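Work through these exercises with the model open beside you. Try each task before you read its solution.

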Amino acid sequence: MPNQPIITLTTDFGPSSPYVAAMKGVILSINPDVRLVDITHAITPQQVQEGALILAETTPLFPTDAIHVAVVDPGVGTDRAIVYVEFAWGRYLCPDNGLLSRLAERAKPLMMVTVTRERFFREQVAPTFHGRDVMAPVAAHLSLGLDPAELGPLHKTLKQLDWRGADKVANRISGEIVAVDSFGNLVTNITRAMLADVPTDETVAIRCDDHETRNIFTTYAEQPPLTLVAVIGSNDQLELAIVNDNAKIMLGVEVGTPVEVVW
Amino acid sequence: MPNQPIITLTTDFGPSSPYVAAMKGVILSINPDVRLVDITHAITPQQVQEGALILAETTPLFPTDAIHVAVVDPGVGTDRAIVYVEFAWGRYLCPDNGLLSRLAERAKPLMMVTVTRERFFREQVAPTFHGRDVMAPVAAHLSLGLDPAELGPLHKTLKQLDWRGADKVANRISGEIVAVDSFGNLVTNITRAMLADVPTDETVAIRCDDHETRNIFTTYAEQPPLTLVAVIGSNDQLELAIVNDNAKIMLGVEVGTPVEVVW
Amino acid sequence: MPNQPIITLTTDFGPSSPYVAAMKGVILSINPDVRLVDITHAITPQQVQEGALILAETTPLFPTDAIHVAVVDPGVGTDRAIVYVEFAWGRYLCPDNGLLSRLAERAKPLMMVTVTRERFFREQVAPTFHGRDVMAPVAAHLSLGLDPAELGPLHKTLKQLDWRGADKVANRISGEIVAVDSFGNLVTNITRAMLADVPTDETVAIRCDDHETRNIFTTYAEQPPLTLVAVIGSNDQLELAIVNDNAKIMLGVEVGTPVEVVW
């Protein structure tokens, strides 16, 4: 383990939630040398799919020995398992409810353990707050060098979520908006790979609701302010943006609105 | 002192406020080895009682040598004192306006000092920002090992807030909602201790406004989605929740709404 | 370089944005010993002027070897330069779009470099996210001791924004609201220096929209609750506040509303 191991936190507790501070207190009480990094605490409450997307987008960028704790846990207190999962690019601790299913598409886990050994939990475990009473202390013990095999038996199968991908038929791709960022840019589930043989000129039309733009650009700022533009965003997914304005508000669309590329 | 002492910050400056960044800059300029942890900056402006509740809920979970700086300070610039207070579970620096009164119910302070020694303040002290100009530099000096007795004379009495507790008469407990978390769960001032001899079955009714539920459960997820349930939450207080939804919005209630338990 | 160099982040990505987490992951992958500090991520999207004000208000308080990365970048992907700029009080990495123009009023930069050397960028640079793919890795390399001269050629001129200052003519200062803090206090562009020869008694009137108050006080709390008061705030600028309430809401004013001081 490095001198100051990294633990990241991803939750749906809300920004500035004291629940997050409680988890940090528990971690630092066990290992005061941990370096804590917030991924986000603004996951829409109980939206496991949104959590899975954000974990996939951010956590592989961290050092490979970082421990990523994710608490989006609508089933807290039921018999859903808590799992430790090791990938080549990082270590994860979270409920087994699909939070890792986007990451698990990239590669097979190197190790999976069902977390059951109570000696690494807090003395009293509140049935509504496993983030503070189970995941935080277990992550802290792992950061001190605990062998994950000590946490419980091997875990067999990771829960998968169903992902609705975009469809490509002849000269048409049908997808939808899957996220809206803080600029109001509309991120779709249409990937760079699907667009590989699509022309990037005036012959391609991108439609969202009853709005249309032509051409796929490489950056927002090539077009005049207030223009609707399509670009391949920083996560290799097609995005729609209004130059210098908020596309979500201007277009009146939202997550789930269909997006079509036709050429 | 540890190699990298911990200073936590709790304020009503608002999430992402540059005032918080200013305090961090001042602290790190004096001691670049401090490990900063945000408790929350989303205390409702000038709500000392809310700050007192959050300090009590979170800070005792931290290492006992952590220094907790709390700035909810409607009286900034008046003659209210700034105090250094040491408890068995942690060290605090804040205005003496009741912020510590919830913590002080648990145990007597080990040491209390009125912070007056200006040589540990910033050179210029703005009368509207003692967080940046007094508490931040004093906390940084303490983190370097400064003896708290150097900060000023012993402090006599800590200001107390009046807490409205729940009442228990015969087979009825009358309390109220005291907080709403980011999930919309309603936290009451009815404690686990008060519920010790209350049955946990269909003979107990929990009422909030004109809504009623029966039975006290141990976790939210035991009941079907959209059911109103009562549970004892992670802070040993009775909570009302709507399974997989937001009870505050669904019930149209708020902090201060009466809650009754009858059996 | 210190053992644990400080990198601060200032962006318009929104609080809790996963884009911020992506930048942190990239930085820590290159230098896991960096100490990350968030200044704010709540700059109004693409408001360079607001970013410039906050950088000037907060970053000079940090240790002088801190590296401040600022990403408010409406021109991302165009030919606007990315610059490394060194002042006596700190080191900056940002697009050359005016973000440093408030700081540059205080002193001449010690060194300016146009950041062009791609070997310090991420392997793939997304044209819409230079924060993650250019500024984050370059900052991390600087924190490891990289000589800034290695980043590219010397930079000639820093882009300046036009600042509208307040005007002083005879016994009248005409300014405007330039910021509103989380308490609803109205920060103006009327500075302490301009007020040096203004009386602080009942003969001075401060007007904002159709509201008027008299006298300039040193702190909010000297007056009764709900009074409109004028004070010189913690950044040496005249502020208007409602004691224990929110002046922005109560007065129905906003950034840009004229403020006059007459005596």
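**Exercise 1: Copies and axis**

Task: find out through which surfaces the copies meet, and how chain A is superposed on chain C.

Solution. Only 7% of the interface residues of chain A are also interface residues in chain C, so the copies meet through different surfaces. This is a predicted model: local features need pLDDT of at least 70, side-chain atom pairs count only at pLDDT 80 or more, and totals for chains, interfaces and linings use all residues. Residues are numbered from 1 along each chain as its sequence is written, chains are lettered from A and ligands numbered from 1 in the order in which they are written, and side-chain values use heavy atoms, with hydrogens and water left out.

Next, the general rule. Two copies of a chain are related by a rotation about an axis and a shift along it. Here a rotation of 120° with 0.0 Å of shift along its axis puts chain A on chain C, with RMSD 0.0 Å (least squares on the C-alpha atoms of residues with pLDDT of at least 70 in both). That is the relation of a three-fold axis. In chain A, the C-alpha nearest the axis belongs to Pro15(A), at 4.4 Å.

**Exercise 2: The sheet**

Task: state the strand order of the open sheet in chain A, then say which strands stand at its edges.

Solution. Start with the order: six strands run E2-E1-E3-E5-E4-E6 (chain A), with mixed pairing. Strands are DSSP runs (E, at least two residues), numbered from the N terminus, as are helices (H or I, at least four). Two strands pair if DSSP finds at least two bridges between them. Now the edges. Strand E2 (35-40) and strand E6 (111-114) of chain A each have a single partner strand, so one side of each is left without a neighbour in the sheet.

Look inside next. Strand E3 (residues 67-71) and strand E5 (residues 90-95) of chain A pair in the parallel sense over three bridges. His68(A) has Tyr92(A) in E5(A) as its bridge partner. Helix H3 (residues 130-143) of chain A packs on the sheet, and E3 is among the strands of chain A that it touches (contact: heavy atoms within 4.5 Å).

**Exercise 3: Aromatic rings**

Task: how are the rings of Phe87(A) and Trp89(A) arranged?

Solution. The structure holds 18 aromatic pairs over all chains. Rings of Phe, Tyr and Trp (its six-membered ring) pair if their centres lie within 6.5 Å; planes under 30 degrees apart count as stacked, over 60 as edge-to-face and the rest as tilted. For Phe87(A) and Trp89(A), the centres are 4.6 Å apart and the planes at 5°, so the pair is stacked.

Methods:
Axes fitted to C-alpha atoms, helices over the stretch in contact; angles between N-to-C directions.
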